[in-house]
Amino acid sequence: MREAIGALEIVHGVVPPGVLPALEDLALRKAISTRLEDCGRTLINVEGGWTSGYRDDVADTLVESGLGVLPVGDRAVLVLLLLRTVAIPRARGNTTGETWGNTDGVRGTSIDDLAQNRNISKTQIKDSMSRLCSSGLVERRRSLLFPGPSLLRLTSKRSAQMWENLLLLAAPASLYAQAVRARRTGAVPPDNTLEVG
């Protein structure tokens, strides 16, 4: 079990199926999950493979304390990258998979592509990209940039929040965006149905 937990904590990406017998056995996997939970971590199934990440309540506490939170500029660059590499291709039906880190059909981007956004300078993008690559949030393959393996450590709740945040950014006036804002604030969403008559 110790070896499995160690592998989950240091893996670059995910532990593929069949590599660690302890993760294949239901009872051992439950014991591993319990151990991780006791440490504020959680076992995450990523399309058949396994990794670990922070439990949602622990992540919430870290964010509230300002620990591990990306600077605003780095967040903006990461959002640009995710829009170009995952969100737009997925909206066009070009990608498969459920996670940010699945690169089937994902189109890589470059610093020059990202620099087409006039609100962030190329120098700022390069500086942010250096930090994002170091943290594993972005992966550089030759001259192209892709979502990094650290994004695979997001729980399903965190991943859904990222999708919602992108939607709020890309289509803030949509009914879905209104519903997301209402749910997050506890407000009643506006009734946008048309009256016939």
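Which residues lie nearest the centre of the largest pocket? In this predicted model, they are Val63, Gly68, Leu154, Arg158 and Met162, part of a lining made up of 31 residues. The pocket itself takes in about 1,300 Å³ of space.

As for who builds the wall, β2 (49–54), α4 (56–64), α5 (72–91) and α8 (156–170) are the elements that put two or more residues into the lining. Top of that list comes α8, which gives the most, with six residues. Sorted by class, the lining of this pocket turns out to hold 18 nonpolar residues, along with seven polar and six charged ones.

Next, the packing. The largest nonpolar core counts 19 residues, and the ones with the most contacts inside it are Leu78, Leu81, Leu82, Met129, Val138 and Leu145. At least two residues of this core come from each of α5, α6 (111–114), α7 (122–134) and α8. Here it is α5 that gives the most, with seven residues. So much for the helices; α5 and α8 thus turn up both in this core and in the lining of the largest pocket.

Met129 is worth a look of its own. Setting aside neighbours within four places in sequence, Met129 is in contact with Val77, Leu81, Ile111, Leu114, Val138, Arg140 and Leu145. Of these partners, Leu81, Val138 and Leu145 are also listed among the residues with the most contacts inside the core. Apart from this core lies another one, of twelve residues, including Ile5, Ile32, Leu36 and Trp50.

Notes
Residues are numbered from 1 along each chain as its sequence is written. This is a predicted model: local features need pLDDT of at least 70, side-chain atom pairs count only at pLDDT 80 or more; totals for chains, interfaces and linings use all residues. Side-chain values use heavy atoms; hydrogens and water are left out. On a 1 Å grid over the protein atoms alone, a cavity is a set of points where a 1.4 Å probe fits but cannot get out, and a pocket is an open set with protein on both sides within 12 Å along at least five of seven lines; lining residues have an atom within 4 Å of a point. Grid points are joined across faces, edges and corners, and a volume is the space filled by probe spheres set on the points. Helices (H or I, at least four residues) and strands (E, at least two) are DSSP runs, numbered from the N terminus. Ala, Val, Leu, Ile, Met, Phe, Trp, Tyr, Cys and Pro count as nonpolar, Asp, Glu, Lys and Arg as charged, and the others, Gly among them, as polar. A nonpolar core is a set of buried Ala, Val, Leu, Ile, Met, Phe, Trp, Tyr and Cys residues joined through side-chain atoms within 4.5 Å. Buried means under 20% relative accessible area, exposed over 50%, partly exposed in between (1.4 Å probe, protein chains only). Contact means heavy atoms within 4.5 Å.
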